[in-house]
Amino acid sequence: MDALNIISQDHSNMWRLAITIDHVATDIEQGAPVESAFFNAAFDYIDQFVDRFHHPKEDDYLFRLLRLRSAEAADILDQLQLEHREGPDNLAALRARVNAAAAGQVSGAQIATDLRNYTAILKNHIRTEEKTVLPLARNSLIASDWAEINQAFLDNSDPVFGEKAQAEFRQLYHRVVSLAPESVGLGGHSEGTLQPLPERTKNEVQLRVEGMESCYGRIKALKGISLEVRRGETVALVGANGAGKTTFLRTLSGVQPMSAGSIHFKGQDISKMRSDKRMRLGICQSPEGRQVFGPLSIEDNLRLGAYTQPRDQVDGDMEKIFTMFPILKEKRALPAGTLSGGQQQMLAIGRALMGRPSLLLLDEPSMGLAPLLVEEVFNVIKMLKSKGMTILLVEQNAFAALAIADRGYVLETGTVTLTGTGQELISNEQVRAAYLGM
Ligand SMILES: Nc1ncnc2c1ncn2[C@@H]1O[C@H](COP(=O)(O)OP(=O)(O)O)[C@@H](O)[C@H]1O
Ligand SMILES: [Mg+2]
């Protein structure tokens, strides 16, 4: 991942946080209490992440070099850097107001307005950087500039840019997500980790699809798709609504007929195999729209995911899922229908994991989720990836999916039009224009 993508990802996170604050402001206007724990966590994140981490990266590297290379950048950068300098004071003032509102000294309507004024400036700032500054940088910085910037950003031992600092920020962000009201966040407090999966040999081809076609009546929804996933890889299949992503996954797992082409999995031709047998081989899917069974308990939903598995391993596997998603443990006996959207998505992923997948298929896991939770779901996928899981991730949210994918395919009306590494596709102008709009 290069520096520009890191900055863009920071922007997406900030954008989601801003939208979340707007959402909570509306709730407050309608009478919800001012939750100071949530706001303080969000402001801690902005304070520590943006003011001490994100802005220095921009000021010290990107903006400094851009001033040297582009005369037209000066005015815009002056304004942005003024906002960077004033950021901490504005935030401190807002924090004091929110705490006063929580203590009943400022009205809900007034604090909602203050919050929106703050996020409006924040969003405008991000928009200017994305729409003006980053394109300018792409056009005017020279190779040695990029080398310098990338070197600073990718130095993992650096106290500001390095892994340790980043882990701290992820922790902070997670805290914000946990504390956010259930309509936009997790509405829970705990956090867990997954036991590492055994190390696997990478690079072996796990899945090879060649010339896959599939039709609805006379309409051909897939027009000859070829795609490959190697062991341990995360592959993203991105495309607009109606491109054929879900049809592809359904054909792959055998619930939708394939009219031409072949599927090989772990070296075996499974083109004609029944879907439950494919699942037994380890092709497990978290379906579009989550599709949890509302009246059944969370625990029973998880058990359903293990119906192809030997009984004696189910309880142990369920405990592993609970370690990963503690919120599901807290609510294990409740009907799944009582969970929030984000929690249901965790359940759908957990249910797929109960089948002990050797290829995990995820159909739009971020769809319909509150913006703050989108990040959380992608963090879960990143975590699974880091444990060695092989993942085929289908998403309309191209930026987030490609950012964590090793490789990606762009699907347009049933045809793969582009393929490359995740980073190549994110940098591709065609992809940026069509899918990465902010
Ligand atoms: N059950 C269906 N019957 C008829 N056409 C369908 C059906 N499901 C999907 N399609 C059509 O197939 C195409 C691909 O749909 P889909 O695979 O759901 O796309 P995506 O998941 O990328 O949004 C679309 O044109 C859609 O209208
Ligand atoms: Mg779909």
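Okay, ligand 1 to start with. In this predicted model, the residues around ligand 1 are Tyr-216, Ala-221, Gly-239, Asn-241, Gly-242, Ala-243, Gly-244, Lys-245, Thr-246 and Thr-247. If you sort that shell by class, you get 6 polar residues, 3 nonpolar ones and 1 charged one. And which element gives the most to the shell? That's helix 7, residues 245-253, with 3 residues.

So let's stay with helix 7 for a second. Helix 7 lies across strand 1, strand 2 and strand 4, and with strand 2 it makes an angle of about 70 degrees. Those strands bring us to the sheets.

Take the four-stranded one. This is an open sheet, 4 strands in the order 2-1-4-5, and the pairing is antiparallel. At the edges you have strand 2, that's 219-230, and strand 5, 268-269, each of them pairing on one side only. Further in, strand 1, residues 205-216, runs antiparallel to strand 4, residues 260-265, and 5 bridges join the two. If you want a spot to click on, go to Arg-208, whose bridge partner in strand 4 is His-264.

Now the other sheet. Here we have 6 strands, again an open sheet, with the order 6-7-8-3-9-10 and mixed pairing. The edge strands are strand 6 at 283-286 and strand 10 at 415-421, and each pairs on one side only. On average, neighbouring strands in this sheet are turned by 20 degrees against each other, if you ignore direction. One parallel pair in there is strand 3, residues 234-238, with strand 8, residues 391-395, joined by 5 bridges. In that pair, Val-238 stands opposite Glu-395 of strand 8.

What packs on this sheet? Helix 12 does, touching strand 6 and strand 7, the latter being 359-363, and the direction of helix 12 makes about 170 degrees with that of strand 6. Helix 13, residues 371-386, packs on the sheet too, touching strand 3, strand 7 and strand 8, and its direction is at about 160 degrees to that of strand 8.

Next, a couple of backbone oddities on either side of strand 7. Arg-356 sits in the loop between helix 12 and strand 7. Its phi is near 50 degrees, so to speak a positive value in a residue that isn't glycine. Glu-364 lies in the loop between strand 7 and helix 13, and there too phi is near 50 degrees, a positive value in a non-glycine residue.

Buried or partly exposed, though? Arg-356 has 16 C-beta neighbours inside 10 Å, so Arg-356 counts as partly exposed. Glu-364 has 23 C-beta neighbours inside 10 Å, so that one counts as buried. The cut-off for buried is 20 or more.

Last stop, helix 10, residues 314-324. Which of its residues are buried? Met-318, Ile-321 and Met-324. Looking down the axis of helix 10, those buried residues fall within an arc of 110 degrees, so they line one face of the helix. Go round to the other side and you find Asp-315, Gly-316 and Glu-319, which are exposed. As for what the buried residues pack against, that's helix 9 at 298-305, helix 11 at 326-330 and helix 12 at 341-354. And helix 12, remember, is also one that packs on the sheet, touching strand 6 and strand 7.

Terms used: Residues numbered from 1 in each chain as written. Chains lettered and ligands numbered in written order. Predicted model: local features only at pLDDT ≥ 70, side-chain atom pairs only at ≥ 80, totals over all residues. Buried ≥ 20, exposed ≤ 12 C-beta atoms within 10 Å, placed from the backbone. Arc of directions from axis to C-beta. Contact = placed C-beta atoms within 7 Å. Near = placed C-beta within 6 Å. Nonpolar A, V, L, I, M, F, W, Y, C, P; charged D, E, K, R; others polar. Pairing = 2+ DSSP bridges. Axes fitted to C-alpha atoms, helices over the stretch in contact; angles between N-to-C directions.
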